[in-house]
Amino acid sequence: MTSSKPVVLHLGDPVKYNLDLYERFASQFTIIRPSEEERQRDAFMAALKEKRWGDFDAIFRPFWNSGGEMGRWDRELVPLLPKSVKVFARILYCNGATASSEAVADTAIFHILAVFRNFTWSQQAARSGDPEQWLDAHRNTALTAWNPRGRALGIIGLGNIGYTIAQKAYRGFGMKIFYHDLVRKSEEQEKAVEATFCPSKEDLVSRVDCVVLATPFGGKVLVDAELLKHFRSGSRFVNIARGKLVDEEALVAALESGHLLAAGLDVQANEPHVHPKMPQMRNVALTCHNAGGAMDTRIGFEWLAMENVLRVLTGQEALTPVNKHLFPK
């Protein structure tokens, strides 16, 4: 397959929102959209081996929830890409995660408020239609509810999302920010939110009133029974990262014992199934992995995907390169 224009492999759904940008995108590149059948892992790998789409220059996936039928881009799959590929996800990977930072951080704030103010208890009572439950919540939630202002918030993973949470919590509620990450933020970034770096997860959770998990899934449980022992008694936990980062049995045990006062979870370990005890627990706030689910996010993912490809293939700097720092100067 030959073309006078750079060739872009478009995976997943068609562009829906940034139509003007796509018109410019399509005028500059030759777009190839593999069918859903061709995107299944075995079929996709076979097509790459036989060079069905020729020496394409970039891979474009505008939505996180479509176009990923081939599964993991691992050592089995990546070497099959033609050497001509310059952009994806020598290959520059650009992701669209920054498009969801605002929405995910807002959801984290929702859960932080819920676990500090006992809002799940109040919501359950109000929705029950039972006057006795309503009066019970009205009279008694205040006994264990606190304003977040001045409280210590610990964030595990201070990437784009974690830092946005820190900004909102610090500027909006005057919370004291502590964090743990593999890479420490710059002095300027720490100063902007008065953040204190903690060298270990154990050190972090022992110093704060609420822990927010905002780190990518690395293939293993991060919050287990052992780490939960280090949490302050009566502290709170929020997870807007991945459900499989948490041992839910250990979390439920910590909540039932009172060691943890409350938890707010946008994600669960066995989605779409929720731990059977949690829906009945009035100290657990639950949402259905909706943290990034805003129209702003969908539009932003789509826009970033096209802009990154456009910029790299026209000799400009990518907006959200993941591994650019690893390239030789």
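This is a short tour of a three-stranded sheet, the helices lying across it, and one further helix.

Before you start, note that the model is predicted: local features need pLDDT of at least 70, side-chain atom pairs count only at pLDDT 80 or more, and totals for chains, interfaces and linings use all residues. Residues are numbered from 1 along each chain as its sequence is written, and side-chain values use heavy atoms, with hydrogens and water left out.

**Stop 1: the sheet**

Select residues 7-10, which form strand β1. Strands here are DSSP E runs of at least two residues and helices are H or I runs of at least four, numbered from the N terminus. β1 belongs to an open sheet with the order β2-β1-β3 and parallel pairing. Two strands count as paired if DSSP finds at least two bridges between them. Now add 30-32 and 58-60: these are the edge strands β2 and β3, each pairing on one side only. On average, neighbouring strands are turned by 30° against each other, direction ignored. Such angles run from 0 to 180 degrees between N-to-C directions, with axes as lines fitted to C-alpha atoms, for helices over the stretch in contact.

**Stop 2: along β1**

Three bridges link β1 to β2, and three bridges join β1 to β3. Pick Leu 9: opposite stand Ile 32 in β2 and Ile 59 in β3. Val 8 has Ile 31 of β2 as its bridge partner. Which way do the side chains of β1 point? Val 7 and Leu 9 go one way, Val 8 and His 10 the other, and all are buried (under 20% relative accessible area with a 1.4 Å probe, protein chains only; exposed is over 50%, partly exposed in between).

**Stop 3: helices across the sheet**

Show α1, residues 19-28, which lies across β1, β2 and β3 at about 105° to β2. Together, β1, α1 and β2 make a right-handed β-α-β unit: with the strands pointing away from you, the path from the first strand over the helix to the second runs clockwise. Then select 295-313, helix α11, lying across β1 and β3 and running at about 170° to β3.

**Stop 4: helix α6**

Finally, go to 160-173. At 1.5 Å a residue, the 14 residues of α6 should span 20 Å, and the end C-alpha atoms, 19 Å apart, agree with that; the expected span is 1.5 Å times one less than the number of residues. Among its buried residues are Tyr 163, Ile 165 and Ala 169. Their cover includes α3 (101-117), β4 (152-156) and α7 (187-193), where contact means heavy atoms within 4.5 Å. Just after α6 comes Gly 174, with a positive phi near 65°.
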